[in-house]
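These are my notebook entries on one chain, kept in the order in which I looked things up. I began with the chain as a whole and then turned to single strands and residues.

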Amino acid sequence: MSDSRYQVDVSVVTHYLADQSQPEHDRFAFAYTITVQNNGEKPARLMSRHWVITDGDGHVEEVRGAGVVGQQPLIEVGKSHTYSSGTVMTTKVGTMQGSYEMVADDGKHFDAIIKPFRLAVPGALH
């Protein structure tokens, strides 16, 4: 069972970027806006990210790195951090999921889970 002192929730909004895509060359660009909400009892710093990106053909790419968009934000209790980023895929539909490594101000390391979310060109799914 998870410890309520270390509760960080992640929500995602996605957008297809038609102006940055080239469907004739199997290039589909997507933006996503992430909100990381600290619903726990301790301030926590987002230290690193781990993404698993799966395209419509089942090809999986893993991405790991420090922080998000060059930052390692400290998220106070009851507050959130929002940022935008993007990815390019070779298929019209795919998914992303992963986790953020967090460190609470008491030194406890824990993961904030990013549940799978879909990236899709409008009209690609019925």
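**Contacts along the chain**

I first looked at how far apart in sequence the contacting residues lie: among contacts between residues at least 6 apart, 64% join residues at least 24 apart. I note here that the model is a predicted one.

**Overall make-up**

I then listed the secondary structure and found 8 strands and 0 helices, so that, by the DSSP runs used, the elements read β-β-β-β-β-β-β-β from the N terminus on. For the dimensions I took the C-alpha trace, which spans about 50 × 25 × 25 Å along its principal axes. Of the 126 residues in the chain, 36% are buried, and the chain exposes about 7300 Å², with carbon and sulfur atoms supplying 47% of that area.

**The nonpolar core**

Which residues have the most contacts inside the largest nonpolar core? I found Trp51, Tyr100 and Met102 in that role, within a core of 25 residues. I then checked which elements give two or more residues to this core, and they are β2 (28-38), β3 (44-55), β6 (80-89), β7 (93-104) and β8 (109-120). As general background I wrote down that nonpolar side chains tend to be buried together in soluble globular proteins.

**The open sheet**

I next followed a sheet of 3 strands, which is open and has the order β1-β2-β6 with antiparallel pairing. Why is one side of β1 and of β6 left without a neighbour in the sheet? Both β1 (8-16) and β6 stand at the edges, and each has a single partner strand, so one side of each stays unpaired there. The twist in this sheet averages 20° from one strand to the next. Looking at one pair in detail, I found that β1 and β2 run antiparallel and are joined by 9 bridges; as one example from this pair, I noted that His15 has Ala31 in β2 as its bridge partner.

**Ser4**

I moved on to Ser4, which lies in the segment before β1. Is Ser4 buried, exposed or partly exposed? Its relative accessibility is 45%, and because partly exposed covers the range between under 20% and over 50%, Ser4 falls in that class. Leaving aside neighbours within four places in sequence, Ser4 is in contact with Asn39, Gly40 and Glu41, and with Glu41 there is a side-chain polar contact of 3.5 Å. I also compared sequence and space for Ser4 and His25, which are 21 residues apart in sequence and, from C-alpha to C-alpha, 47 Å apart in space.

**Ser48**

Ser48 sits in strand β3, and I recorded a relative accessible area of 18%; since buried means under 20%, Ser48 counts as buried. Not counting residues up to four places away in sequence, Ser48 touches Gly65, Ala66 and Gly67, and also Ser99, Tyr100 and Glu101.

**Asp111**

My last entry concerns Asp111, whose place is in strand β8. Which residues does Asp111 touch, if those up to four places away in sequence are not counted? I found Ser99, Tyr100 and Glu101, and I noted that Ser48 touches these residues too. For Asp111 and Gly98, 13 residues apart along the chain, I wrote down a C-alpha separation of 9.6 Å.

Conventions:
Residues numbered from 1 in each chain as written. Predicted model: local features only at pLDDT ≥ 70, side-chain atom pairs only at ≥ 80, totals over all residues. Heavy atoms only, no water. Core = buried A, V, L, I, M, F, W, Y, C linked by side-chain atoms within 4.5 Å. Buried < 20%, exposed > 50% of the residue type's maximum accessible area, 1.4 Å probe, protein only. Helix = DSSP H or I, 4+ residues; strand = E, 2+ residues; numbered from the N terminus. Pairing = 2+ DSSP bridges. Axes fitted to C-alpha atoms, helices over the stretch in contact; angles between N-to-C directions. Contact = heavy atoms within 4.5 Å. Areas by Shrake-Rupley, 256 points an atom, 1.4 Å probe, with all protein chains shown as cover. Polar contact = N/O pair within 3.5 Å; in protein donor to acceptor, adjacent residues only side chain to side chain.
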